[in-house]
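Me: I'd like to learn how to read strand pairing and helix packing from a model. Could you walk me through an example?

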Amino acid sequence: MKTFALATGSSGNCIYVETANQKFIVDCGLSFSKSKEILEQKGINISELTGIFITHEHSDHVAGLKQFAKQLNCPIYVSKGTLSMLEDIDSTNFIIVKHHDILDLGDSRVFVVNKPHDAKEAISFIVESKSRKVGFFTDLGHVPDELIHVMKNLDMIYLECNYSSEFIKEYCTHMSPRYLNRLMSNVGHLGLHQTIDAIERFARDGQIIMLSHISENTITYEEATTSIFRTLLNMSVDIQLEVSFQGEATEMFDLTLLDKKSSFIEKYEDSLSDDSSQKASIIEEVL
Ligand SMILES: [Zn+2]
Ligand SMILES: [Zn+2]
């Protein structure tokens, strides 16, 4: 499994994931042409995308979706609440998904979980293929225990680190209190202290953490990376820490090069919904 971020942050979010026979993107926050250009630079033809996952309706996640829906004929997975907010986008390719759904897509399984964010029905996705798991956790007001449990079992986590309350106190006094209250609320974005707290609860050897959705107006990259690096040192965990800079694509990460880990499903079993027939069939297949 391979993945990279075309972009994360308030000016647009789009993350690419590739398995042996699937090519997905999570969110369409960049224009179609810009996305096409960045994918081409990595040797990927945009017309080969096999699925689009939409986390929520905020413009930094759907700005390019109308064009994507027009140009491509692949499924667009979205929650019912998010779809209700996308009234100007007409497509027969929308597939409604909800909390605790598990999608079987060729050689991949995609897990859907709700996340606390001030959108209509914000969801996160976890892609699993051949015992590799990557999850996308930006636009979170806080990190509920269930998501910590999920993150523990991921090989790579795109994790938000949106602002620093110290930086805001010092340098953001000109910003509207309403905006800042929203940002720092428990359905807004993850601040540095929350990101550190989450890492302290889920991090284990061998994971890759990609700091994402960093807002240059409310935190510096240096503060984010040095604070989190210090946390990892104190924890003595062997983690690969990476940063997604706004307006810059990251390098490609090949998760098949990591040491083999146990199956995500086995560990995630307890958190699945009560749909026992679905659960039983998956567990039977995996174990
Ligand atoms: Zn966002
Ligand atoms: Zn958002």
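Me: Let's start small: which residue in β9 does Val113 stand opposite?

Reply: Happy to help, and keep in mind that this is a predicted model. Val113 has Ser124 of β9 opposite it. That pair belongs to a wider match: β8 (residues 108-114) and β9 (residues 123-129) run antiparallel and are joined by six bridges.

Me: What is the strand order of the sheet that these two belong to?

Reply: To read a sheet, follow the pairing from one strand to its neighbour. Here the order is β7-β8-β9-β10-β11-β12-β13, an open sheet of seven strands with mixed pairing. At the edges sit β7 (102-105) and β13 (240-243), each paired on one side only. From one strand to the next, the twist averages 20°.

Me: Which helix lies across β12 and β13?

Reply: That is α9 (residues 221-235), which runs at about 170° to β13.

Me: And how do α8 and α9 pack, in angle and axis distance?

Reply: For a helix pair, look at the angle, then the handedness, then the residues. The axes of α8 (residues 192-202) and α9 are 10 Å apart, at an angle of about 25°. Angles under 35 degrees count as roughly parallel, so α8 is roughly parallel to α9. Their crossing is right-handed. On the α8 side the contact includes Leu192, Ile196 and Ile199, while α9 contributes residues including Ala224, Ile228 and Met235. By class, the contact comprises six nonpolar, three polar and two charged residues.

Me: How much of the whole chain counts as buried?

Reply: The figure is 43% of the 287 residues, in a chain with eleven helices and 14 strands.

Conventions. Residues numbered from 1 in each chain as written. Chains lettered and ligands numbered in written order. Predicted model: local features only at pLDDT ≥ 70, side-chain atom pairs only at ≥ 80, totals over all residues. Pairing = 2+ DSSP bridges. Helix = DSSP H or I, 4+ residues; strand = E, 2+ residues; numbered from the N terminus. Axes fitted to C-alpha atoms, helices over the stretch in contact; angles between N-to-C directions. Contact = placed C-beta atoms within 7 Å. Buried ≥ 20, exposed ≤ 12 C-beta atoms within 10 Å, placed from the backbone. Parallel < 35°, antiparallel > 145°, perpendicular 65-115°, else oblique. Left-handed = near helix turned anticlockwise from the far one by under 90°. Nonpolar A, V, L, I, M, F, W, Y, C, P; charged D, E, K, R; others polar.
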